[in-house]
Amino acid sequence: APVIGRDTVLAGREAATFILSAPLRLPINPDQVTLAAQLPLDSLRLCGLNLRRLSVPVELNRGRLRAQIAAPLEGGQLALRPEWQWERGQSILTLPPASQVLLDAPLRPGLVAGLLAELHPLLGALAVPEGAVDLRLDGLTLPLAGKGAAQPTFKAVIDLDRMRLKPVGPLRALLELAGLPVGELRSKERELACEGAKGRMSCAPLRLLAGDQDIVVRGTAGAGGALDYRVELPLTDTLAAQAHLSMLGEVKVEAAIGGTRATPLFDQPAFLASLAARAAAAATATVDESPADGESGQGKSDRKSVV
């Protein structure tokens, strides 16, 4: 049902107790109906999770339907307090501010694909996350009916302390191209803040370590999961050799990751060609900026740049 959501399925055979209060005259104003029930469920599927044997308190008051969902997750915990309200024939799902949705939740494929991959491509599309995760939602508003795909408005904070990232797909190909380690990425951040609004999702730049080298992932995801991401990485000797470059000093380069969450893309030939073109432009600019006779050129070889 649209009120529940396309990706949420519940089932149960046990009888539920409830208290219902409604006017005895017609037509009935929904705002005057109250309901309190305890729903025993055999199963509940949501956010890629399959929950078993739980009891969900449900309350309807003043046109708002509220539920409390709490379930253990292999040593972790899931907690949701969703609220549905009807406005102009449309159902809107909200979550209250500072909702600790996941606490020490194991990173299983269902959870990653059903929830976390929607927040950041590193959590499923460009890397396989392992370990455990905390997730806090600082408010969520999601229209569940109407034309087109639902566009949530939210702010989220993902805890990265116990998470390991194994690069896959385009990110792994980029790291291999640069001769960087591909076994495991370590986050230099303890948390990752993300937000969604008007059909776009964005997160703060995420600094990672590939071996002892820094890389930075930044960008946004749009309608249909379209990716517009950039990966900043060092111009290693391996990468410079493949692009036929000879560089001095520490240089940073950026590679574009496009496509969608389902099919992320990295155009390796275009990336290498762009490096050569940008390096030529940078070399020309360096010549133009060379010190006049008698001026010191000290420190020029240590200049850092992004090409």
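**One disulfide and one cavity in a strand-rich chain**

In this predicted model, the count of disulfides comes to one, taking a pair of cysteine sulfur atoms within 2.5 Å as the criterion. The bond joins Cys194 to Cys203, with a sulfur-to-sulfur distance of 2.0 Å. A disulfide is a covalent bond between the sulfur atoms of two cysteines. The torsion about the S-S bond of Cys194 and Cys203 is about 105 degrees, and the disulfide is therefore right-handed. Cys194 has a relative accessibility of 5% and so counts as buried. Cys203 is likewise buried, because its relative accessible area of 11% falls under the 20% limit.

The chain around this bond contains 22 strands and four helices. Of its 307 residues, 40% are buried. Among contacts between residues at least 6 apart in sequence, 53% join residues at least 24 apart. The accessible surface of the chain amounts to about 17000 Å², and carbon and sulfur atoms account for 53% of that area.

The interior can be considered next. The structure holds one cavity of 30 Å³ or more, and the largest cavity encloses about 70 Å³ of space. Its lining consists of His120, Leu122, Leu123, Leu160, Met163, Arg164, Leu165, Leu185, Arg186, Ser187, Leu192 and Leu206. Two elements, β13 (163–167) and β14 (185–187), each give two or more residues to this lining. By residue class, the lining of the largest cavity comprises eight nonpolar, two polar and two charged residues. The charged residues are Arg164 and Arg186, whereas His120 and Ser187 count as polar.

Key: Residues are numbered from 1 along each chain as its sequence is written. This is a predicted model: local features need pLDDT of at least 70, side-chain atom pairs count only at pLDDT 80 or more; totals for chains, interfaces and linings use all residues. Side-chain values use heavy atoms; hydrogens and water are left out. Buried means under 20% relative accessible area, exposed over 50%, partly exposed in between (1.4 Å probe, protein chains only). Contact means heavy atoms within 4.5 Å. Accessible areas come from the Shrake-Rupley method with a 1.4 Å probe; for residues, only the protein chains shown count as cover. On a 1 Å grid over the protein atoms alone, a cavity is a set of points where a 1.4 Å probe fits but cannot get out, and a pocket is an open set with protein on both sides within 12 Å along at least five of seven lines; lining residues have an atom within 4 Å of a point. Grid points are joined across faces, edges and corners, and a volume is the space filled by probe spheres set on the points.
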